[in-house]
Amino acid sequence: MAISLPLLFMAAGIGERRRAFSLLLDEMNERRRMEERFRLVVESTPNAMLMIDPAGRIVSVNRQTETLFGYSSQELIGRPWSNLFPDRFRARSTARVGEFFATPIATGPGNGFELYGRRRDSTEFPLEIGLTPIASADGTLALVAVTDNAERQRAEEARRDLIHASRLAALSE
């Protein structure tokens with residue numbers, strides 16, 4: 001009796017620990033699945049997606065970011081995101097991130113801000129940037145969606161040229 005009672009309590013304690021450990025493993029597996037789904041969504045989007053910290057350093061990027069800007073993820077991660085802009089826009093991009101982290105409110109397509117980006121080969125292109133706050137274990141991060149506006153600008157210029165040509169045609173008649 002003196003030996004079996006403590007062994008019985010010990011067995012009950014071990015059973016509880018096993019159940020708790022099993023629940024913890026299940027929770028960890030679910031978190032991994034959710035993180036994988038999030039990664040797949042970010043990778044499959046047609047926009048360049050970056051995650052930046054409050055200091056403006058790039059934490060992660062998707063493949064479209066590498067394609068759009070011409071840098072590998074290893075070259076971008078840990079670097080200031082302002083390096084992705086021409087010199088004349090760097091102060092503006094840094095200020096915008098500071099404003100965002102002061103009051104983190106999501107800005108989507110059409111509500112973001114427009115700048116020019118700079119590719120690795122130093123060519124510039126128009127872009128629109130939307131920011132979304134992401135709560136993480138490391139604090140708030142910004143999920144940055146970058147849309148290349150070069151095609152849209154070309155379409156607008158073609159539309160303006162067409163309107164101008166139709167006015168000239170109407171005047172000549």
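Here are some questions and answers about this predicted model.

User: In what order do the five strands of the open sheet lie?

Analyst: Happy to start there! Strands of a sheet pair through backbone hydrogen bonds, either parallel or antiparallel. In this open sheet the pairing is antiparallel. Reading across its five strands, the order is 2-1-5-4-3.

User: Which strands are the edge strands of that sheet?

Analyst: Try looking at the two ends of the order 2-1-5-4-3. An edge strand here pairs on one side only. The edge strands are therefore strand 2 and strand 3.

User: By how many degrees are neighbouring strands of this sheet turned against each other on average?

Analyst: For this value, the direction of the strands is ignored. On average, neighbouring strands are turned against each other by 35 degrees.

User: Which residue in strand 2 stands opposite Ile52?

Analyst: Let's look at how strand 1 meets strand 2. The two run antiparallel and are joined by three bridges. Opposite Ile52, the residue in strand 2 is Ile58.

User: Which strands does helix 4 touch as it packs on the sheet?

Analyst: Helix 4 has a direction that makes about 130 degrees with that of strand 3. Packed on the sheet, helix 4 touches strand 1, strand 3, strand 4 and strand 5.

User: Which residues of the largest nonpolar core touch the most other members?

Analyst: In soluble globular proteins, nonpolar side chains tend to be buried together. The largest nonpolar core of this model has 25 residues. Among the elements that give two or more residues to this core are helix 2 (63-69), helix 4 (87-102) and strand 5 (139-148). The members that touch the most others are Trp81, Ile129, Val144 and Val146.

User: How many residues are in the second, separate core?

Analyst: This core includes Val42, Met49, Met51 and Leu141. Its full count is five residues.

User: Is Thr65 buried or exposed?

Analyst: Thr65 has its place in helix 2. Leaving aside neighbours within four places in sequence, Thr65 is in contact with Ala48, Met49, Leu50, Gly70 and Leu76. Its relative accessible area is 0%, and buried means under 20%, so Thr65 is buried.

User: Which element gives the most to the lining of the largest pocket?

Analyst: About 480 Å³ of space lies in this pocket. Its lining has 15 residues, and Met34, Glu35, Phe38, Arg39 and Met51 lie nearest the centre. Helix 1 (4-44), strand 1 and strand 2 each give two or more residues to the lining. With seven residues, the element that gives the most is helix 1.

Notes
Residues are numbered from 1 along each chain as its sequence is written. This is a predicted model: local features need pLDDT of at least 70, side-chain atom pairs count only at pLDDT 80 or more; totals for chains, interfaces and linings use all residues. Side-chain values use heavy atoms; hydrogens and water are left out. A nonpolar core is a set of buried Ala, Val, Leu, Ile, Met, Phe, Trp, Tyr and Cys residues joined through side-chain atoms within 4.5 Å. Buried means under 20% relative accessible area, exposed over 50%, partly exposed in between (1.4 Å probe, protein chains only). Helices (H or I, at least four residues) and strands (E, at least two) are DSSP runs, numbered from the N terminus. Axes are lines fitted to C-alpha atoms, for helices over the stretch in contact, and angles run from 0 to 180 degrees between N-to-C directions. Contact means heavy atoms within 4.5 Å. On a 1 Å grid over the protein atoms alone, a cavity is a set of points where a 1.4 Å probe fits but cannot get out, and a pocket is an open set with protein on both sides within 12 Å along at least five of seven lines; lining residues have an atom within 4 Å of a point. Grid points are joined across faces, edges and corners, and a volume is the space filled by probe spheres set on the points.
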